[in-house]
Structure formats: C-alpha cells, structure tokens
Amino acid sequence: DQLDIEEDQQGDDNPLDDLWAQSVIAAMRNYNDTSSRFRNAVHRQGMIINNCGDKINVEMVLFDSGSSSDNFISSNFVKKCGDKLLKDMVHKKLRVKVADGHQIELKGYIPVTIAFEDEGKTYKAQLSLYVLDGLAKDIIIGLPAICEHFSELFMNMIKKASLSAGQSVNLNEIEVLANIGEDIDELRRY
C-alpha cells in the first residue's frame, strides 16, 4: 500500500512555486522555535485517548495545512509512550511521499481519539496516526482532519495569533476558512 500526498493538477502551476511550497512545508515540520509569538497559530497541546481509555498528554501537535493526505505520529513519541500506544498499533507496510519528494516507509498506524481544549470547548476526533521515523513533532494533524474535525479550532488558533501580533482580523475571511471542510472547491476560487 502507498499513501501519496495528492497534488493539485491545475496544469498551470509554476514548478518553482511548488518547490518553494515544499521547502516551506519541510521547514515548518522541523521548526522548533518555541519562543516565536506565532508558534501557537499552528501548534497546540493535546491529548490522545487509546482504545483502552488511557489518556496520554501530547506537548506538541502541529496543525499542518500543507500535509494534504494524513496524520502522523513520531516513532520516538510512540516508543516513549510504550504499551499505551504500541498495543493498538496496526503493523502494515506503507509508504508516504514527504514534502521534499522522497518516499518514506511507515511502520503502520495507530487508531486513537485525539482531543484539544480551547476556551472551555473540547474538540475531539477519531483518527489514524501513521507512525513516521524522524518526525520533529510528536503529532502532525493534516489538512483532511483539520477540515473535517478541527476547522473551528484551527481558525481560532490563527485568529488569536493574528490578534496577539496586533493584526486586525477580517471576520469574513475567517468565516470562509472555517467552512473549508464543507466546500473546499469554493475556497479554491480565492
């Protein structure tokens, strides 16, 4: 089996733009500057709940809108959690194409419930997290899960970061982006 990050087949894309975007995404995945005032726009603490109901705190979850296929978990984080995650792992050889174009073999995936708190509201979803070696973040939440389960949370994170930077926030743009999961084709026109 193979997981490929699907690329938009518009035909008019400039290959240099695509290369630039891949470089930005790769840098974002490896970016660990915890002092940045914009860090909270895409990073969040969360909690994994395994199939037995064990709760595991996660210090660094990256909401990666550039990850267009799936969600990932660091193999080091899985090892650190031990049996709480390993017992639920589905061992299956898979491959994924990462931002720089290389294909990496995955060890399998772990079905979990992942939850986030924001201003007294809980955002929760059942996801499969694909185990990836060398991941700088504990977990990466990809665009499909952001759109389907966490769009409101993600927009709140961006809004708060914008406000803390002294930027005005256009509520119309926020509303359009918050509805991304409902009508992604509408968003492509912007």
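Good morning, everyone. Let me start with a definition: a residue is buried when its relative accessible area is under 20%. By that cut-off, buried residues make up 39% of the 190 residues in this protein. Please keep in mind that we are looking at a predicted model.

First, the overall layout. The protein has seven helices and seven strands. If you follow the sequence along, the order is α-β-β-β-α-α-β-β-β-β-α-α-α-α. As for contacts, take those with a separation of 6 or more: residues 24 or more positions apart account for 63% of them. On the outside, the protein exposes about 11100 Å², and carbon and sulfur atoms supply 47% of that area.

Now to strand E2, where I would like to spend some time. E2 covers residues 55-64, and seven of its 10 residues are buried, so you can call the strand mostly covered. What does E2 pair with? One partner is strand E1, residues 43-49, which runs antiparallel to E2 and is joined to it by six bridges. If you want to find that pairing on the screen, look for Ile49, whose bridge partner in E2 is Lys55. Together E1 and E2 make a hairpin, with five residues between the two strands. In the turn you will find Gly53, with a positive phi of about 90 degrees.

E2 also pairs with strand E7, residues 139-142, this time in the parallel sense and over four bridges. Here the residues to click on are Asp64 and, opposite it in E7, Gly142.

Let me move on to the aromatic residues. How many aromatic pairs are there? The count comes to six. One of them is Phe63 with Phe154, a stacked pair with 6.1 Å from centre to centre and 20 degrees between the planes. Phe63 sits in strand E2 and Phe154 in helix H5, residues 151-164, so this pair ties together parts that are 91 residues apart in sequence. And are these two buried or exposed? Both Phe63 and Phe154 are buried.

Another pair is Phe116 with Phe150. Their ring centres are 5.2 Å apart and their planes stand at 90 degrees, which is why the pair counts as edge-to-face. This pair also links distant parts of the chain: Phe116 belongs to strand E5, residues 103-118, while Phe150 is in the loop between helix H4 (143-149) and H5, 34 residues apart. Phe116 counts as buried because its relative accessibility is 1%, and Phe150 is buried too, with a relative accessible area of 0%. Put the four together and you have one aromatic cluster: Phe63, Phe116, Phe150 and Phe154.

A few words on helix H5 itself. H5 has 14 residues and reaches 20 Å from its first C-alpha to its last, close to the 20 Å expected at 1.5 Å a residue. Which residues of H5 are buried? They are Ser151, Leu153, Phe154, Met155, Met157 and Ala161.

Last, the cysteines, since someone at the bench is bound to ask. The structure holds zero disulfides. Cys52 counts as exposed, because its relative accessibility is 54% and the cut-off for exposed is over 50%. Cys81, by contrast, has a relative accessible area of 15%, so Cys81 is buried.

That is my tour; thanks for listening, and I am happy to go back to any part of it.

Methods:
Residues are numbered from 1 along each chain as its sequence is written. This is a predicted model: local features need pLDDT of at least 70, side-chain atom pairs count only at pLDDT 80 or more; totals for chains, interfaces and linings use all residues. Side-chain values use heavy atoms; hydrogens and water are left out. Rings of Phe, Tyr and Trp (its six-membered ring) pair if their centres lie within 6.5 Å; planes under 30 degrees apart count as stacked, over 60 as edge-to-face and the rest as tilted. Buried means under 20% relative accessible area, exposed over 50%, partly exposed in between (1.4 Å probe, protein chains only). Two strands pair if DSSP finds at least two bridges between them. The expected span of a helix is 1.5 Å times one less than its number of residues. A disulfide is a pair of cysteine sulfur atoms within 2.5 Å. Contact means heavy atoms within 4.5 Å. Accessible areas come from the Shrake-Rupley method with a 1.4 Å probe; for residues, only the protein chains shown count as cover.
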